[in-house]
Amino acid sequence: MRRQLFIPILAFLLPLAGFAQQEKCFSSQLMFENLQRWPGLADQRALLEQEMKAFEAAHESAPMERMVVTIPVVVHVVYKNPYDNISQAQIQSQIDVLNTDFRKLNGEIGGLPVIFSGLSADVEFQFCLAQVDPQGNASNGITRQQTYLSNIALLVSTDGRRRVHYDDLGGTNAWNPNKYLNIWVARIGSGFYGFATPPGTAPAAEDGVVIDPIYFGTEGIAASSMPNHLGRTATHEVGHYFNLYHIWGNGFNSCADDDEVADTPVQRDPYSGCPSHPQSSCGASAMFMNYMDYTDDGCMAMFTLGQKSRMTAALYAARPELLSNLACTYVSTGEPSGLSAPDVYPNPATDVLNIDWPLSAGQVSARITDMQGKTWMQAVATVNNNAETLTYEVSALPAGVYCLHLYGAEKQYTLKFIKI
Ligand SMILES: [Zn+2]
């Protein structure tokens, strides 16, 4: 039930006075601290909340039809012990979990209680490791920095900045937070697994998600973190990043506050472990399998349609530049007069793929992915004059449909081709 549509900012801060039990997630407390620490942030948050609510209200009666969107992600690995310098495979496993959970492709969906199954949503958000950095260079979407600080994620410098977010404080600077979802993977300590900043609740340099490396993804050093080894910490935190609150609201031991989502039942407290359905809370059957609760990774299963609506509003009204960043899938950025698109032939291809890109000089990098986004080939070529043909050997590719991503100095393209 939606108990309070418009919760003034101070009202949701009040229940934070005491944390009666161990928190896995630092987000509520972080929001409280940030809004106190940074002058002007509360006003900024209030304005964004108005805009997000207006967006949601405008689409309430007629849900928005839109394409599946892909959010470019950069993962900043900040480690003291080399053990925490997690592998690319572990990082990719987390992206895979996000893509499964936000697209309702997770196996637990089939086991949802009947009363909730009709509420579960395909959020239609996908995530990719950014293929280009803010300077336009090809990238794998991962930065790595060794730090001298233990449990850096909770450390705050004397000027109030959280160290993990700054090069000069032992952490790593964000990539433009309007255009990328920044995820820092760094030790947190104090029993916390992760935290995130809902829109407008942090200085721009600190906007994003932080996850402890042993709860990030499903492989590598996360594999033995049972029962929280399935990458759901990041699913939960990315939910916060797109403006979801905990399903029990922002205060413990209360049925009076809510998560501002209409189709999630009011809930008094977090659930932990793996309860059996039904569980009663505040006179309703508790949706403890929601990603925004505190249950074990394997017991979480769903976002609701109402949560999808709230996240969609956050994306379009508060984080719209994520939509216009082409760091996931390059498409033509427009045709300056007189320039032509690359010519790719033969298509279908058998042994080689030729690319004529007559007016692009300088470094050209190419990447071939399948339709699931898996990279099969990467290459860089230098075009010395304005009439070069690039030739790529593709005979080893299995037959199928592929995307050829071309990154030039001024322009980028994605073109489909068929390998037979
Ligand atoms: Zn949380």
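Me: What spacing do the donor residues of the zinc ion have in sequence?
Reply: In this predicted model, the donor residues of the zinc ion follow the pattern C-x210-H-x3-H-x5-H. They are Cys25 through SG, and His236, His240 and His246, each through NE2, at 2.0 to 2.2 Å from the zinc ion.

Me: What makes these atoms count as donors of the zinc ion?
Reply: The cut-off for N, O and S atoms is 2.8 Å from the metal, and the coordinating atoms of Cys25, His236, His240 and His246 lie at 2.0 to 2.2 Å, so they count as donors.

Me: Why is the site of the zinc ion called tetrahedral?
Reply: Four donors are called tetrahedral if all angles lie between 85 and 135 degrees; the angles among the four donor atoms here are 99 to 121°, and the site is therefore tetrahedral.

Me: Are His236 and His246 buried or exposed, and how do you know?
Reply: Buried means under 20% relative accessible area; His236 has 5%, so His236 is buried, and His246, at 1%, therefore counts as buried as well.

Me: Why is strand β1 described as largely enclosed by the rest of the structure?
Reply: Strand β1 spans residues 69-79, and 10 of its 11 residues are buried, so the strand is largely enclosed.

Me: How do you know that β1 pairs with β3 and with β4?
Reply: Pairing requires at least two bridges, and β1 has five, in the parallel sense, with β3 (residues 142-146) and five, also parallel, with β4 (residues 181-185). His76 stands opposite Thr143 in β3, while its bridge partner in β4 is Trp184.

Note on methods:
Residues numbered from 1 in each chain as written. Predicted model: local features only at pLDDT ≥ 70, side-chain atom pairs only at ≥ 80, totals over all residues. Heavy atoms only, no water. Buried < 20%, exposed > 50% of the residue type's maximum accessible area, 1.4 Å probe, protein only. Helix = DSSP H or I, 4+ residues; strand = E, 2+ residues; numbered from the N terminus. Donors = N, O, S within 2.8 Å, 3.2 Å for Na, K, Ca; no water. Tetrahedral: all angles 85-135°; square planar, octahedral: opposite > 155°, others 65-115°.
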